[in-house]
Amino acid sequence: MTSRAATRPVGTVTRGTTNPNRLRRMDRWISAAHGAELRRAADPVAVDLGYGAAPWTAVELLTRLRTSAPRARVVGVEIDPARVAAARPYERAGLVFRHGGFEVPLPQRPHLIRAANVLRQYDESEVAAVWARLCARLAPADPAAGTRGGLLVEGTCDEIGRRHVWVALGPEGPRTVTFATRLGSLERPSDLAERLPKALIHRNVPGEPVHSFLRDFDRAWAAAAPYASYGARQRWIRSVRDLAADWPVTDGPSRWRQGEVTVCWAALAPGM
């Protein structure tokens with residue numbers, strides 16, 4: 001007989017704060033960066049882990065994923081059973097809600113797990129174990145089919161989604177870090193420091209790679225001040241182009257124009 005403890009969801013209840021359109025920057029990046037993987041999958045399943053007190057982010061994730069992967073399905077997973085019950089009326093074809101936590105209670109391995117603003121309340125020392133647990137649930141890579149496997153996207157944003165930083169991880173572990181912002185509200189790139197994910201937010205101190213990165217980004221932003229007359233977007237593009245001379249930026253102008261920049265995780269990983 002299975003014990004009650006064995007079936008208890010893994011994790012703790014979050015504050016549940018959520019707003020419509022809050023995760024739009026992350027969703028658009030996922031569609032651009034991972035859409036091809038989802039299209040190749042026979043049954044592309046995405047998980048909105050810890051969607052909060054209202055189901056808006058799961059509903060929006062389905063809509064956005066289907067622009068690049070029309071067969072995508074979304075499962076909203078919440079550790080608070082009352083939130084699951086409240087979300088059930090929003091179920092429809094391709095969208096369901098389940099009670100659970102970091103164990104991700106699905107019969108199949110998902111091709112995407114999005115965990116936004118979930119680890120904010122956890123200790124930094126707990127992040128690696130949570131990442132490992134979630135990555136182990138991802139669909140595996142299939143070299144014969146040319147796929148890299150599922151994707152875990154974990155990060156933090158402000159209440160209305162103007163500033164967002166996330167880590168993308170595959171079955172093998174962390175791959176990249178993406179910084180995304182509404183450029184019109186940005187004074188300097190280091191403003192994004194307050195939205196660093198839990199794995200990095202306490203590492204924004206001298207001697208740590210993420211601190212050096214943000215320092216160099218601010219310097220590039222200052223040097224690009226003459227481009228401000230053409231708009232914040234042109235200033236951002238010029239700043240990132242200069243930054244890429246010293247940091248392993250993995251994307252290009254088509255994403256920079258969106259107020260994004262993505263960097264290899266290894267370059268920003270916390271020092272020992």
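Which strand is Val 165 found in? Val 165 sits in strand β6, and we'll come back to that residue at the end. Keep in mind that this is a predicted model. The tour below starts with strand β5, which has all seven of its residues buried, then visits a pair of packed helices and finishes at Val 165.

**Strand β5**

- β5 covers residues 151-157 and is mostly covered, with seven of its seven residues buried.
- In a regular strand, side chains take turns pointing to one face of the sheet and then the other.
- On one side of β5 you'll find Leu 151, Val 153, Gly 155 and Cys 157, and on the other Leu 152, Glu 154 and Thr 156; both faces are covered, and all of these residues are buried.

**The partners of β5**

- Strand β4 (residues 112-116) runs parallel to β5, and five bridges join the two.
- To spot this pairing, look for Ala 116, which stands opposite Gly 155 in β5.
- Helix α5 (residues 124-137) belongs to this part of the story too: β4, α5 and β5 make up a right-handed β-α-β unit.
- Strand β6 (residues 163-170) pairs with β5 in the antiparallel sense, over six bridges.
- Here the match to look for is Cys 157, whose bridge partner in β6 is His 164.
- β5 and β6 form a hairpin, with five residues between them.
- In the turn of that hairpin, Gly 161 has a positive phi of about 75°.

**Helices α2 and α3**

- Two packed helices are described by the angle between their axes and by how far apart those axes are.
- Helix α2 (residues 24-40) packs against helix α3 (residues 56-68) at an angle of about 45°, and their axes are 8 Å apart.
- That angle makes α2 and α3 oblique to each other.
- The crossing of α2 past α3 is right-handed.
- On the α2 side, the residues that meet α3 are Arg 24, Asp 27, Ile 30, Ser 31, Gly 35, Leu 38 and Arg 39.
- On the α3 side, they meet Glu 60, Leu 61, Arg 64, Leu 65, Thr 67 and Ser 68.

**Back to Val 165**

- Val 165 has 0% relative accessibility, so this residue counts as buried.
- Setting aside neighbours within four places in sequence, Val 165 is in contact with Gly 155 and Thr 156, both of them among the buried residues of β5.
- Other contacts of Val 165 include Val 177, Thr 178, Phe 179, Leu 192, Arg 195 and Leu 196.
- Pro 197 is another contact of Val 165; the two are 32 residues apart in sequence, yet 6.5 Å apart in space, C-alpha to C-alpha.

Conventions
Residues numbered from 1 in each chain as written. Predicted model: local features only at pLDDT ≥ 70, side-chain atom pairs only at ≥ 80, totals over all residues. Heavy atoms only, no water. Buried < 20%, exposed > 50% of the residue type's maximum accessible area, 1.4 Å probe, protein only. Helix = DSSP H or I, 4+ residues; strand = E, 2+ residues; numbered from the N terminus. Pairing = 2+ DSSP bridges. Right-handed = clockwise from strand over helix to strand, strands pointing away. Axes fitted to C-alpha atoms, helices over the stretch in contact; angles between N-to-C directions. Parallel < 35°, antiparallel > 145°, perpendicular 65-115°, else oblique. Left-handed = near helix turned anticlockwise from the far one by under 90°. Contact = heavy atoms within 4.5 Å.
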